[in-house]
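Got your viewer open? Keep the selection tool handy, and let's take a walk from stop to stop.

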Amino acid sequence: RISRGLSAMENLTFIEKLGNLSKKMAVIVAIVSSLTTLCGAAWSLLEFAKATRERANVARIAQLTTYQSFGDLLKRYHTIEKMTDDFMRRYRKNPPDLAALMRQYQTGSSIYYADELKDFREIHQFYEELGTLIRFKAIDFELVFQTVIFPSDFYEDTQPLQALISQHWFELRSDTKNRALNDFGFNLSELRRNYEARRAGKPVVWAQP
């Protein structure tokens, strides 16, 4: 007997209730187990999808560049590094007449692509592209910081020229309010700002794409 003080009928009822309770517990355990499995599978799928999107983004960015490896980028950097030094020596000695450039070329875009500013354009484009690659996480910033010297003098000394190009990029448009290319050199500016922050031991924060 299960309980000395219970009748045979009471014992049978108690056993039936106990059996029903065990069945219900088994069902609950099965449901919880199934939900846990489903949640785990869903989380795995989300993580896989996230990783796939990130790899796809990096792959798309890589397709936009001619660099097959970081070593190729460094080779290009060393060429630009020498070009920047040569350009800055000439620029300091004989800065361009901005008013004359505007009269000659009429638009900021034409000034930017002028043959006489070929070196300026190549330097500017290199660091703009480098800032873009870092901002979109195709290249690690700390790796770049440790191997590439950002030319702060180039950025600072050519600010008047950069502003002229940016503000008058679409100068021949009839709508005077839409003649500027406001995002001209945006990633270059982001790169410079974060280099300065890193040099000062401050947090490095990139603008969201």
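What follows is a tour of helices, rings and loops, one selection at a time. Before you click anything, keep in mind that this is a predicted model.

**Stop 1: helix α2**

Select residues 70-93, which make up helix α2. How far apart should its ends be? At 1.5 Å a residue, the 24 residues should span 34 Å, and the end C-alpha atoms are indeed 34 Å apart, so the two values agree.

Now show the side chains of L73, L74, Y77, I80, M83, T84, D86, F87, M88 and Y91: these residues of α2 are buried. Here's a handy rule for looking down a helix: an α-helix has 3.6 residues a turn, so residues three or four places apart point the same way. Which helices do the buried residues of α2 pack against? Colour α5, α6 (141-147), α7 and α8 (159-167), and you have the partners.

**Stop 2: the nonpolar core**

Next, zoom in on the inside. The largest nonpolar core holds 38 residues, and Y127 and L130 have the most contacts inside it. Two or more residues each come from α2, α3 (98-105), α4 (108-112), α5, α6, α7, α8 and α9 (186-199). Which helix gives the largest share? That's α2, your first stop, with 8 residues.

Select Y127 and look around it. Skipping its neighbours within four places in sequence, you'll find Y127 in contact with Y77, I80, V148, I149, F150, P151, L188 and L191. Two of these, Y77 and I80, were in your list of buried α2 residues.

**Stop 3: the rings**

Time for the aromatics. How many aromatic pairs does a search of the whole structure find? The count is 19.

Start with F120 and F154. Their ring centres are 5.7 Å apart and their planes meet at 40°, so this pair is tilted. The two rings bring together distant parts of the chain: F120 belongs to helix α5 (residues 118-135) and F154 to helix α7 (residues 152-157), 34 residues apart. Are they buried or exposed? F120 has 0% relative accessibility, so it counts as buried, and F154, at 1%, counts as buried too.

Move on to F126 and Y127. Here the ring centres are 4.9 Å apart and the planes are at 90°, so the pair is edge-to-face. Both F126 and Y127 are buried.

Then widen your selection to Y77, F126, Y127, F141, F145, F150, Y155, Y195 and W206, which form one aromatic cluster.

One more ring before you go: select F170 and R173. R173 lies over the face of F170, 4.0 Å from the ring centre.

**Stop 4: S109**

Go to helix α4 and click on S109. Its relative accessibility is 19%, so S109 counts as buried; the cut-off for that word is under 20%. The side chain of S109 reaches the backbone oxygen of W169 at 3.4 Å. Not counting residues up to four places away in sequence, S109 touches H168 and W169.

**Stop 5: two loops**

The loop between α4 and α5 is where you'll find E116. Buried or exposed? With a relative accessible area of 52%, E116 is exposed. Beyond its neighbours within four places in sequence, E116 is in contact with L101, Q104 and Y105. Show the side chains of E116 and Y105, and you'll see the polar contact of 2.7 Å that joins them.

Now jump to A180, in the loop between α8 and α9. A180 is partly exposed, with a relative accessible area of 30%. Draw a distance from its C-alpha atom to that of Q167: the two are 13 residues apart along the chain and separated by 4.2 Å. Leaving out neighbours within four places in sequence, A180 is in contact with S166, Q167 and F170. You met F170 earlier, under R173.

**Stop 6: helix α9**

Last helix on the tour: select α9. Its 14 residues should span 20 Å at 1.5 Å a residue, and its end C-alpha atoms are 20 Å apart, so expectation and model agree. Buried in α9 are N187, L188, E190, L191, N194, Y195 and A197. What covers them? The cover includes α5, α6, α7 and α8.

Finish on G201, just after α9, where you'll find a positive phi of about 75°.

Key
Residues are numbered from 1 along each chain as its sequence is written. This is a predicted model: local features need pLDDT of at least 70, side-chain atom pairs count only at pLDDT 80 or more; totals for chains, interfaces and linings use all residues. Side-chain values use heavy atoms; hydrogens and water are left out. Rings of Phe, Tyr and Trp (its six-membered ring) pair if their centres lie within 6.5 Å; planes under 30 degrees apart count as stacked, over 60 as edge-to-face and the rest as tilted. Helices (H or I, at least four residues) and strands (E, at least two) are DSSP runs, numbered from the N terminus. Buried means under 20% relative accessible area, exposed over 50%, partly exposed in between (1.4 Å probe, protein chains only). A charge sits over a ring if NZ of Lys or CZ of Arg is within 6 Å of the ring centre and within 35 degrees of the ring normal. The expected span of a helix is 1.5 Å times one less than its number of residues. Contact means heavy atoms within 4.5 Å. A nonpolar core is a set of buried Ala, Val, Leu, Ile, Met, Phe, Trp, Tyr and Cys residues joined through side-chain atoms within 4.5 Å. A polar contact is a pair of N or O atoms within 3.5 Å; within protein, one must be able to donate a hydrogen and the other to accept it, and residues adjacent in sequence count only if both atoms are side-chain atoms.
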